[in-house]
Amino acid sequence: ESLEPRDYTITHASNAEETKIWVWDYAAEDGDYVQVLVNGTPVTDAFMIKHEAREITVPATGSVEIKGIRDGGGGITYAVRYELNGTTYFNTAPEGRFNTYELLRK
């Protein structure tokens with residue numbers, strides 16, 4: 001099944017200042033690289049996504065962007081789970097483009 005790149009708005013009621021996200025390759029480990037940015041500023045270097053999730057701390061409000069850096073073959077497919085709402089989002093990021101996850105407090 002083919003996914004289209006998608007942005008999400010995540011609304012939550014948490015009073016926390018920070019939250020954790022986990023990013024991993026839910027399909028084949030084929031050498032895909034991504035980078036995580038917060039409000040346009042990199043918070044990680046580019047890293048290869050693997051089946052083992054990488055944990056990253058981000059602010060509980062603002063824009064979290066997953067940038068596609070390098071496609072190892074078949075598209076950059078990844079999953080990201082948000083601690084705030086316990087939801088996993090499956091997505092794809094074309095090279096050089098972003099998926100944005102807008103975190104809003106109710």
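This note goes through a four-stranded sheet and two individual residues in a predicted model.

1. Basis of the values. The model is predicted, so local features need pLDDT of at least 70 and side-chain atom pairs count only at pLDDT 80 or more, while totals for chains, interfaces and linings use all residues. Residues are numbered from 1 along each chain as its sequence is written, and side-chain values use heavy atoms, with hydrogens and water left out.

2. The sheet. Four strands (a strand being a DSSP run of E of at least two residues, numbered from the N terminus) form an open sheet in the order β6-β2-β8-β9, with antiparallel pairing; two strands count as paired if DSSP finds at least two bridges between them. The edges are taken by β6 (54-59) and β9 (87-92), each of which has a single partner strand, so one side of each is left without a neighbour in the sheet. From one strand to the next the twist averages 25°, where axes are lines fitted to C-alpha atoms and angles run from 0 to 180 degrees between N-to-C directions.

3. Pairing along the sheet. Strand β2 (residues 18-24) is joined to β6 over six bridges in the antiparallel sense, and Thr19 has Val58 of β6 as its bridge partner. Four bridges link β2 to β8, again antiparallel, and here Val23 stands opposite Val80 in β8.

4. Strand β8 and its hairpin. Because five of the six residues of β8 (residues 77-82) are buried, this strand is largely enclosed by the rest of the structure; buried means under 20% relative accessible area, exposed over 50% and partly exposed in between, with a 1.4 Å probe and protein chains only. Six bridges pair β8 with β9 in the antiparallel sense, with Arg81 opposite Thr88 in β9. The hairpin of β8 and β9 has four residues between the strands, and within this hairpin Gly86 takes a positive phi near 65°.

5. Thr44. This residue is found in the loop between β4 (41-42) and β5 (47-48), and is buried, with a relative accessible area of 8%. The side chain of Thr44 reaches the backbone nitrogen of Val36 at 3.0 Å. Leaving aside neighbours within four places in sequence, Thr44 is in contact (heavy atoms within 4.5 Å) with Gln35, Val36, Arg54 and Ile56.

6. Glu102. Located in strand β10 (residues 98-105), Glu102 is partly exposed, with a relative accessible area of 26%. Beyond neighbours within four places in sequence, the contacts of Glu102 are Tyr8, Thr9, Ile10, Gly62 and Ser63.

How values were computed
Polar contact = N/O pair within 3.5 Å; in protein donor to acceptor, adjacent residues only side chain to side chain.
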